[in-house]
Amino acid sequence: MNDLTPAAGGALALPGRGFEGLKADRADLIIPRCKLLQALSPEVVESKFEWAKAGLLINSLTLDVLPSRVVPIFTWKSYCRFNPRNRSEEGFDATYEPGAMIWRSIDPDDVRVIEETKFGPNGEKPLAMTCLNFFSLFPGVPMPNVCSFTKTSYKTGRQLLSLARFCGGDMWSRAYQLTSAVQTRPEGTYYVQQIAALGASFGEEQQIAESWWRQFSDRAAELKVHEEEKPEDGETAPF
């Protein structure tokens with residue numbers, strides 16, 4: 001049995017013929033993320049998809065619209081710094097393109113994380129972002145998706161973590177409704193994620209979630225999550 005063979009009740013498809021020459025493991029997989037479309041997301045701006053509109057939550061790999069019901073399985077934090085889009089903004093690094101990724105880390109003891117994710121002495125916003133990630137099951141979707149909460153959606157991630165933690169039991173013992181809501185500020189209008197409790201998850205959901213937890217949670221640091229090279233509009237909004 002290799003790393004990708006599901007336990008009983010798991011929903012990952014069993015490998016068919018043609019995979020014999022590859023000793024597949026988790027490091028070879030790209031885990032899609034739950035992507036919240038903004039007005040300037042490529043899927044919306046380029047008009048390649050008639051259905052694409054701001055506020056939708058989609059699978060970043062397949063570009064399928066995700067259901068609102070979600071079952072979180074395990075969580076971890078990650079940290080990253082994007083170059084500002086405006087060259088006049090605080091922290092702009094001329095060695096990188098506007099909006100480009102400067103660094104990414106999952107190590108809370110990383111010097112960059114310690115120094116660049118904290119507010120300044122006079123309330124200056126951090127140069128880097130803290131992201132709360134949930135490896136999640138969307139019922140009916142045959143692959144896991146990572147739901148990430150950062151910037152203006154970070155408080156939603158904290159709400160989900162609190163609901164899951166204080167209700168007791170395994171994280172996947174409860175299901176939630178993940179939606180989006182429009183938010184307007186002086187700097188613009190964008191969508192943020194919202195979460196609501198739905199009660200206990202179903203037996204089949206729990207079986208699949210536990211199978212994925214056994215396969216992936218012990219090496220969360222090795223997961224290759226599908227990432228954008230540049231942040232979405234809402235991810236660059238002020239705190």
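**Figure 1. Glutamate 205, a buried residue in a salt bridge.** In this predicted model, glutamate 205 has a relative accessible area of 7% and is buried. The residue belongs to helix H4, which spans residues 203-216. Its salt-bridge partner is arginine 69, with 2.8 Å between the closest N and O atoms. Arginine 69 lies in strand S4 (residues 69-82), so the pair links distant parts of the chain, 136 residues apart. Arginine 69 is buried as well, at a relative accessible area of 19%; this value counts as buried because the cut-off is under 20%.

**Figure 2. The salt bridge between aspartate 110 and arginine 112.** The side chains of aspartate 110 and arginine 112 meet here, at an N to O distance of 2.8 Å. Aspartate 110 is buried, with 14% relative accessibility. Arginine 112, at 35% relative accessibility, is partly exposed. The view therefore shows a salt bridge with a buried aspartate 110 and a partly exposed arginine 112.

**Figure 3. A salt bridge within helix H4.** Glutamate 210 and arginine 214 form a salt bridge through their side chains, with 2.7 Å from N to O. Both residues sit in helix H4, and because they are 4 residues apart, about one helical turn separates them. Glutamate 210 is partly exposed, with a relative accessibility of 30%. Arginine 214 has a relative accessible area of 53% and is exposed; the cut-off for this class is over 50%. Helix H4 also holds glutamate 205, the residue paired with arginine 69 of strand S4.

**Figure 4. The setting of the close-ups in the whole protein.** The protein contains 4 helices and 10 strands. Their order along the sequence is β-β-α-β-β-β-α-β-β-α-β-β-α-β. The protein has 239 residues, and 42% of them count as buried; glutamate 205, arginine 69 and aspartate 110 are among them. Of the contacts between residues at least 6 apart in sequence, 63% join residues at least 24 apart. The accessible surface amounts to about 13,000 Å², and carbon and sulfur atoms account for 52% of that area. The salt bridges number 6 in total, including glutamate 205 with arginine 69, aspartate 110 with arginine 112 and glutamate 210 with arginine 214.

How values were computed. Residues numbered from 1 in each chain as written. Predicted model: local features only at pLDDT ≥ 70, side-chain atom pairs only at ≥ 80, totals over all residues. Heavy atoms only, no water. Helix = DSSP H or I, 4+ residues; strand = E, 2+ residues; numbered from the N terminus. Buried < 20%, exposed > 50% of the residue type's maximum accessible area, 1.4 Å probe, protein only. Contact = heavy atoms within 4.5 Å. Areas by Shrake-Rupley, 256 points an atom, 1.4 Å probe, with all protein chains shown as cover. Salt bridge = Lys/Arg side-chain N within 4 Å of Asp/Glu carboxyl O.
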